[in-house]
Each structure stands twice: as structure tokens, then as C-alpha cells.
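Subject: Structure handover and notes

Dear colleague,

Please find the structure below, followed by my notes on what was found in it. I would be glad if you read the two side by side.

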Amino acid sequence: MAPSSTSATSLDRLNSIANHISPAMSTISSFPADSVPQAPEDALFGLARAYKADTSPLKIDLGIGAYRDNNAKPWVLPVVKKADDILRNNPELNHEYGPIAGAPEFTSKASELILGADSPAIKDGRVTSMQTISGTGAVHLGALFLARFYKGSRQVYVSNPTWANHHQIFRNVGLETVDYPYFDKKTRGLDFEGMKSTIQAAPEGSIILLHPCAHNPTGVDPTLDQWKELAAIIRSRKQFPFFDCAYQGFASGNLNRDAAAVHYFIEQGFELVVAQSFAKNFGLYGERAGCFHVVTSAGPDAKSTIARIASQLAILQRSEISNPPIYGARIVSTVLNDNALFKEWEADLETMSGRIIDMRKTLRSKLEALGTPGTWNHITDQIGMFSFTGLTEAQVQQLRDEYHIYMTKNGRISMAGLNTNNIEYFATSVNKVVSASQ
């Protein structure tokens, strides 16, 4: 049926009005600057951008937390290349959606790796695991779960300093972060007394975020005896441990040693959660392979409790990412489920951790040989990817401006950025800057 002349006239009039005002409407955003201000550039990625733009042949990148070989190049682990070949030559491989919780052959082995293959929690069936978008996704999923379901304190105690993203992740889901002392600037080691006293004074039910090994950014870890003291305090205060493990096997080269704190807490019967990343220890930075684990307390209802938790985690996961990415998890799963490949991976871990340990020893010896003011034993006392050098922000800026050496402004360096080709230049430059500021 054709439209009436009256309705056609009305429509023309509306179109005329709309055309008249639309140019003005198109210039007005729904997101003005007072409601969406310009955010600052991420400090690490800004540092990487500045390094890339620097044309000096002497430049050194000590900012980004990614392993580099002795030629300052990314290193694809030999075992990862083998796993990649196995996957590419599998005629049954496809790109279908995986399960919401991730591939069970991945999550089961990931839990054994971090919790211990003989973990009482695994044996009792009181663990649930969700594949995540690397460690960042695991921390986020854990934060989201706790924000939604945890009935204890809304405060998350984090080390000062900690990985900067921790604050943003927890605050984004409505949880408040509170600092506990960690790094002693005088000794450049652990402020254990300050750490203990603050956790002791924290409200019952507080969430305590802990780095089980290779603390980021300081490289300072508690001893096993100190972990035992912390466990006793956290138990007495009825607090909730949240472990964030990004460097298992990468710190000491020994997988079980690097997970000893997690193993001890589980043996003591703690209910806890763990965020696990495979970015560093497999070199799968861009593949985003991680896992989130919940360990519930022992008891007659443990299995039904963990089933309920798993069901809610699946709903959270479904609403955010639907299904986790499969390729990085397939690489990890291929290695973890093959004894021969697993042993090769352990050798690769020793290669990476060993080179970093060698760089620590060499840097310390060169700074001491140069007579660089201060003490430098903290370089070898610390462990893992990073070292908190103790350099001031002004010294860091001078190293960047005059010597083309890039590190975060708090003096943290990625030890993996040093090698036999640049460590002499780095040590000499640090010596000049530190000596000049005395």
C-alpha cells in the first residue's frame, strides 16, 4: 500500500529537520575531555618506544621483562620449536573453540606444576583450574572472583613495590589495595620485619598478595624459613593468600624450589588462589598462556565446594572471554605431557636462569673492580629477571640521556638485557654516573 500524501509530507518535514541539525550534532562527542581525560602512556611501553627511536649503536634496553640471548635477541626455546613442529604436523589439529575452562590436558598439568604433582589438594580433589589469558588474565579472574564472592575484607595487601598492574587490576573490580613494606632501600634486600608487622596488623580476612619467587620488581625473595613465619602470621589473622607466580623455574632454574612457598602453604591447609603465567618460563610472551587455580580447604564438603567455585568461575570466564586462546596452551601442554620434552624444557630453564645468574656475577665484579661508590652485593643476592639497582631517578635519567641506557625510573633493570657484548659499557657508565653524584 502506498503511503498517504499526509504521512509522506510529515516524513519529509522530519527529514528536513534532521538534516538541518545533524551537522551540529556530529561535532558534539558523548565523551568530552572532562569525562574521558587523556590517560598517561604506559611507562614500560613508553620506555620501549623511546628505546626503539634511539639511533645510537650503544643503546641498551633494560626495561622490558622479556628474556634475551647473549646477542640481545628474543630466544625461542628449542623445546618450544619442537612442540610447535609436533602441532603443525598433526593432521587432526583444528581451530575449533576450546572448553570455557580451557583444555583439561593443559590445566591439569599446570596445576601439578605449581601445586606439586603429589599435592594433597590435588589428591583430595579440592582444586579447580581455569585457563587464562596469561598471568595478567589469571590475576584479573582471581580479583573478579574474590570481588564477587569473597566475604572477607575488601582490602588486598600488596608489596611495596609490586608489579604496577596489580593496583589497576584489583581497583578495576572494586577492591582496595594497601601496601605492606617489602624492599629495604638501605640494605637493598627484604624488609622482613616491616612486612611481618604490617601483615600482622592487617584486618582479619584481608587478602594478602604474595610473589612466590623472583619478586617483581625487586628480585628479593623471602627464605623458606621466612615463608614459614609469614604463613603462621597469615593463619593467625585468618587472612587469605593470593599467590601470583610469573617466574617458576626461571628464578633458580628449579621448578619445585621456585614453587616451595606455594607447596608449603598448601601443606599447612590454607585455602588460597594462585595466578600462573607461562610467558617467561616458556618464552610465550605473545601467546598469552596462563592458569588460575583455586585450592579450597580440606573437609567433608570440599568437593562440593570446589564444584560450586568452578561453576561460578566458568560463568565469569564466559562473560569476559568466552573461551581462552588455544595455541600457547597447546605448546605448554605438549611439553608438560611428554617426559622427554619436559626434561628438555628443564634444561632450557637452566640455560635462561644460568645466563642471568652469570650476568649478575659479572656485573657485580665489574662495579666492584671499578670502585663504584656503594655496595653491590645486592646484585647477586637478588634473583630472577629483575634487579633493583639502587640507582636514583636522576641517575637513571642521566644514563638514558648521556649513555643511551634505558631502564625504569625506579632503577629496576632486566638482567636479561645484559650480555657479554654490553656489560662492560653498562658497568662503566653506571660507575661514571654514580661517582659523579657523590
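Two terms come up from the start: contact, or one part covering another, means heavy atoms within 4.5 Å, while helices (H or I, at least four residues) and strands (E, at least two) are DSSP runs, numbered from the N terminus. The model is a predicted one, in which local features need pLDDT of at least 70 and side-chain atom pairs count only at pLDDT 80 or more, whereas totals for chains, interfaces and linings use all residues. Residues are numbered from 1 along each chain as its sequence is written, and side-chain values use heavy atoms, with hydrogens and water left out.

Let me begin with helix 9 (residues 224–236), whose 13 residues should span 18 Å at 1.5 Å a residue (the expected span being 1.5 Å times one less than the number of residues), in agreement with the 19 Å between its end C-alpha atoms. Its buried residues are Gln226, Trp227, Leu230, Ala231, Ile233 and Ile234, where buried means under 20% relative accessible area, exposed over 50% and partly exposed in between, with a 1.4 Å probe and protein chains only. These residues lie on the same side of helix 9, because they cover an arc of only 165° around the axis, the arc being that of the directions from the helix axis to the C-beta atoms. The elements that cover them include strand 6 (189–190), helix 8 (192–201), strand 7 (207–210), strand 8 (240–245) and helix 11 (260–267). After helix 9 comes Lys238, which has a positive phi, near 55°.

The whole structure holds 18 aromatic pairs, counted for rings of Phe, Tyr and Trp (its six-membered ring) whose centres lie within 6.5 Å, with planes under 30 degrees apart taken as stacked, over 60 as edge-to-face and the rest as tilted. One of them is the edge-to-face pair of Trp227 and Phe265, at 6.3 Å centre to centre and 85° between the planes. Since Trp227 belongs to helix 9 and Phe265 to helix 11, this pair ties together parts that are 38 residues apart in sequence. Both Trp227 and Phe265 are buried. The rings of Phe342 and Trp345 also form an edge-to-face pair, because their centres are 5.6 Å apart and their planes stand at 75°. Phe342 and Trp345 are 3 residues apart in helix 15 (residues 339–369), which means that about one helical turn separates them. Of these two, Phe342 counts as partly exposed at 22% relative accessibility, whereas Trp345 is buried at 0%. Elsewhere, ring pairs join Tyr67, Trp75, Tyr247, Phe250 and Phe386 into a cluster.

As for the interior, the largest nonpolar core has 91 residues, and those with the most contacts inside it are Phe265, Trp345, Leu363 and Phe426; such a core is a set of buried Ala, Val, Leu, Ile, Met, Phe, Trp, Tyr and Cys residues joined through side-chain atoms within 4.5 Å. Helix 15 gives the largest share of this core, 8 residues. Leaving aside residues up to four places away in sequence, Leu363 touches Ile379, Ile413, Met415, Leu418, Ile423, Phe426 and Ala427. There is also a second, separate core of 27 residues, which includes Ala147, Val156, Leu175 and Ala275.

Some backbone features deserve a look as well. The peptide bond from Asn160 to Pro161 is cis, with omega near 5°, and Pro161 is in the loop between strand 3 (155–160) and helix 7 (164–172). Another cis peptide bond runs from Asn216 to Pro217, with omega near 20°, and Pro217 sits in the loop between strand 7 and helix 9.

Arg188, in the loop between strand 5 (183–184) and strand 6, has a positive phi near 55° although the residue is not glycine. Arg188 is buried, with a relative accessible area of 18%, and its charged end sits over the ring of Trp376, 5.6 Å from the centre; for this, NZ of Lys or CZ of Arg must be within 6 Å of the ring centre and within 35 degrees of the ring normal. Likewise, the charged end of Lys59 sits over the ring of Tyr51, 4.4 Å from its centre.

With kind regards
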